[in-house]
Amino acid sequence: MDSDEDFDYYDAGDDEEDDLSLRDDADDDDEDEGYLDDNIIVSEAPHGSETKDEEVYPHECLSADRIVDLMVEILKEVNDIVNIPPTTLRILLAHFNWDKELLLEKYYEYDGNQERIFKEAHVVSPFKMKRSNKSRDVSCEICCSSCSSSFMTGLDCGHMFCKGCWSQYLRTKIMDEGMSQTIPCPAFDCEIIVDDAIVMSLISDKKVRLKYQHLMTNSFVECNSLLKWCPSPDCHHVIKVEYRDRRAVKCDCGREFCFECSESWHDPVLCVHLKKWLKKCDDDSETSNWISANTKECPKCQVTIEKDGGCNHVICRSQTCKHEFCWVCLGPWDPHGASWYNCNRYNADDAKKARDTQQRSREMLQRYLFYCNRYMNHLQSLKFEHKLYARVKRKMEEMQQLNMSWIEVQFLKKAVDVLCQCRQTLMYTYVFAFFLKRNNQLLLFEDNQADLEKATETLSEYLERDITTASIRDIKQKVQDKYRYCDSRRSVLLRHVHEGYDKEWWDYLD
Amino acid sequence: MSAHFVQKRIQKEILTMRKSPPPGIRLCEDSLRSAPEFMVELTGATGTLYSEQIFKLLFKFGERYPFESPQVTFVGNCIPVHPHVYSNGHICLSILTEDWSPALSTEAVCLSVISMLSSCTEKKLPPDNAFYIRTCSKNPKDTKWWFHDDQV
Ligand SMILES: [Zn+2]
Ligand SMILES: [Zn+2]
Ligand SMILES: [Zn+2]
Ligand SMILES: [Zn+2]
């Protein structure tokens with residue numbers, strides 16, 4: 001199996017074996033360089049230490065062809081070490097989620113008992129004596145017709161079926177059930193997995209072959225913990241990292257996302273909290289909480305009641321309840337007698353309990369709305385970013401006509417970049433804080449947040465209206481100072497949160 | 001694959017069952033119509049809760065049979081009371097869906113069903129019977145089965 005053909009079951013072929021080297025990442029980092037650029041006042045960092053945010057997280061963006069190459073590369077690499085046929089090896093690797101170290105570790109750990117590793121991966125050991133199926137005329141158990149043995153085929157488990165049935169079987173599994181790496185032998189109760197060689201030799205239909213390759217690639221990416229599809233709907237690129245982490249990665253299509261959870265990059269909030277937050281935002285129960293803030297529930301049957309008149313003697317509309325209570329104290333109406341003006345029941349136990357429950361749920365809602373409004377506000381502003389970019393671009397062109405050089409006007413684009421980054425960070429700071437209990441570190445965090453927010457809004461104002469071609473040279477200094485300040489405040493805030501993660505400063509609400 | 005091949009296979013299965021039916025299994029000859037379906041009569045094995053009881057099992061074969069499983073349900077007014085059999089005749093048995101293999105035959109399915117009945121220790125309906133029969137589709141194969149504990 002020293003020839004490449006053994007590895008290459010793809011129609012596309014890997015005739016251009018070139019350029020497996022990592023792409024030059026220089027352009028990718030371009031945009032981030034500004035962070036570390038000139039005037040950041042390092043002393044502003046509370047604890048000087050470098051944080052995750054500034055370390056480089058090495059990653060590369062792969063196109064679909066490169067994913068196939070990568071698969072072949074891994075196969076070759078392992079094959080150089082252990083002499084297992086590629087078809088078997090591919091199944092073994094898939095079983096170990098394409099973690100070659102783990103495969104090799106197990107392979108040597110089971111030394112002398114390698115049979116076990118093949119069994120666990122549902123494949124017949126290539127070192128075992130093959131069963132010979134020499135009978136001349138056999139009947140296929142699926143179509144019940146007898147065929148010559150040359151028309152019968154099977155995996156190493158020895159279950160033979162006619163080629164027609166095999167291809168029909170594979171077609172069903174691939175096209176209807178979307179299976180690829182885990183298709184079992186058609187025999188009942190046989191768990192041996194179909195290898196890619198038999199699929200490629202039996203399936204000639206281009207559509208089916210393509211789908212199979214597609215499914216194989218997909219499951220290769222999905223089970224490989226160092227690979228992730230770009231979440232952009234029309235993008236077919238994959239991000240490859242060297243080690244797995246909750247870090248930002250950037251696809252060639254421009255999408256920046258969290259490698260751990262595939263959401264938009266969400267520093268400083270943790271993936272779990274972001275997930276909870278997004279679910280909460282979607283949740284209908286929040287809408288119903290909205291209602292409850294503006295209405296009250298019947299203290300007896302909990303049906304929602306909206307008061308539509310001035311009288312505080314309320315009768316629950318529910319046909320089965322018809323409970324009468326006082327809108328003010330929520331106590332039963334009876335003791336109030338004819339006139340609620342004498343409502344002296346305000347502290348009666350049952351009335352108080354009913355009020356407390358409503359109070360609590362209202363406070364929780366108020367709290368949620370507080371964070372949600374601020375989160376939404378930044379989200380909304382971010383959605384207009386493309387408009388701002390367009391405007392700034394126009395402005396930059398105007399300026400260049402007024403004898404400013406291209407270099408000289410770049411500060412404007414940079415300012416918008418920083419503005420967007422700050423808004424993104426601010427947006428997630430509200431999600432971060434929503435899940436936290438109050439403590440001193442949180443107070444410090446809120447100071448940082450307020451600072452960054454104020455600076456960001458000022459920068460935004462500058463960009464929204466203060467840039468006029470007349471005042472351009474004056475304003476350049478102002479804008480540069482402001483975005484640098486924003487940028488440094490953002491670093492300070494993030495660094496503080498990261499340090500808190502390391503030192504366990506944050507107390508979470510349950 | 002051609003309908004011709006499917007016909008041939010079903011024909012062959014019918015023939016085998018007619019010629020040498022295993023104990024407790026009888027093909028209902030009157031159910032053999034042109035439609036790709038037929039009925040089999042099962043007799044509960046002696047010494048079990050269903051001893052000597054007779055049930056009717058309906059097999060319907062789709063276009064992609066045997067690469068997809070047949071639709072198998074109990075029919076008639078005698079449906080076994082069993083933790084894996086709903087009162088509408090639907091059966092919760094893994095070889096009828098995800099563990100189906102094209103190398104399995106009608107006969108093998110019948111034997112599995114009889115063995116499922118034989119291993120039962122208490123005649124009772126599935127716990128979610130009332131809900132299931134109200135909400136399920138007509139075809140049991142549309143149900144995403146959550147296989148009940150195999151130890152009946
Ligand atoms: Zn066949
Ligand atoms: Zn097999
Ligand atoms: Zn992308
Ligand atoms: Zn994440």
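Among contacts in chain A between residues at least 6 apart in sequence, what percentage join residues at least 24 apart? In this predicted model, the share of such contacts that join residues at least 24 apart comes to 60%. Chain A has 510 residues, of which 45% count as buried, and its secondary structure consists of 15 helices and 13 strands. The accessible surface of this chain amounts to about 27,600 Å², with 49% of that area belonging to carbon and sulfur atoms.

Two zinc sites of chain A were examined in turn. The zinc ion designated ligand 2 has as its protein donors the SG atoms of Cys157(A), Cys185(A) and Cys190(A) together with ND1 of His159(A), at distances of 2.0 to 2.3 Å. The angles among these four donor atoms run from 103 to 113°, and the site is tetrahedral. Along the chain, the donors of ligand 2 follow the spacing C-x1-H-x25-C-x4-C. Distant parts of the chain are linked by the pair Cys157(A) and Cys190(A), which are 33 residues apart: Cys157(A) belongs to the loop between strand 4 (152-154) and strand 5 (160-162) of chain A, whereas Cys190(A) belongs to the loop between helix 6 (163-176) and helix 7 (196-202) of chain A. Cys157(A) is buried, its relative accessible area being 5%, and Cys190(A) likewise counts as buried, at 11% relative accessibility.

In the site of the zinc ion designated ligand 4, the protein donors are the SG atoms of Cys258(A), Cys261(A) and Cys271(A) and the NE2 atom of His266(A), which lie 2.0 to 2.3 Å from the ion. This site is also tetrahedral, with angles of 105 to 115° among its four donor atoms, and its donors follow the spacing C-x2-C-x4-H-x4-C along the chain. Because Cys258(A) lies in strand 9 (residues 256-258) of chain A and Cys271(A) in helix 9 (residues 271-282) of chain A, the pair ties together parts that are 13 residues apart in sequence. Cys258(A) is buried, with 0% relative accessibility, and Cys271(A) is buried with a relative accessible area of 14%.

A further residue can be placed relative to one of the donors of ligand 4. Asp245(A) is located in the loop between strand 7 (238-241) and strand 8 (248-250) of chain A. The C-alpha atoms of Asp245(A) and Cys261(A) are 9.8 Å apart in space, the two residues being 16 apart in sequence. With a relative accessible area of 19%, Asp245(A) falls into the buried class, for which the cut-off is under 20%.

Chain B contains an open sheet of four strands, arranged in the order 1-2-3-4 with antiparallel pairing. Strand 1 (25-27) and strand 4 (71-75) of chain B form the edges of this sheet, each pairing on one side only. On average, and with direction ignored, neighbouring strands are turned by 30° against each other. The antiparallel pairing of strand 1 with strand 2 (residues 37-43) of chain B extends over three bridges, and Arg26(B) stands opposite Glu41(B), a residue in strand 2 of chain B. Helix 2 (residues 106-118) of chain B packs on this sheet, where it touches strand 1, strand 2, strand 3 (54-60) and strand 4 of chain B, and the direction of the helix makes about 35° with that of strand 2 of chain B.

Methods:
Residues are numbered from 1 along each chain as its sequence is written. Chains are lettered from A and ligands numbered from 1 in the order in which they are written. This is a predicted model: local features need pLDDT of at least 70, side-chain atom pairs count only at pLDDT 80 or more; totals for chains, interfaces and linings use all residues. Side-chain values use heavy atoms; hydrogens and water are left out. Donors are N, O and S atoms within 2.8 Å of the metal (3.2 Å for Na, K and Ca); water is not among the atoms, so sites may look incomplete. Four donors count as tetrahedral if all angles lie between 85 and 135 degrees; four count as square planar and six as octahedral if opposite donors are over 155 degrees apart and all others between 65 and 115; anything else is irregular. Helices (H or I, at least four residues) and strands (E, at least two) are DSSP runs, numbered from the N terminus. Buried means under 20% relative accessible area, exposed over 50%, partly exposed in between (1.4 Å probe, protein chains only). Two strands pair if DSSP finds at least two bridges between them. Axes are lines fitted to C-alpha atoms, for helices over the stretch in contact, and angles run from 0 to 180 degrees between N-to-C directions. Contact means heavy atoms within 4.5 Å. Accessible areas come from the Shrake-Rupley method with a 1.4 Å probe; for residues, only the protein chains shown count as cover.
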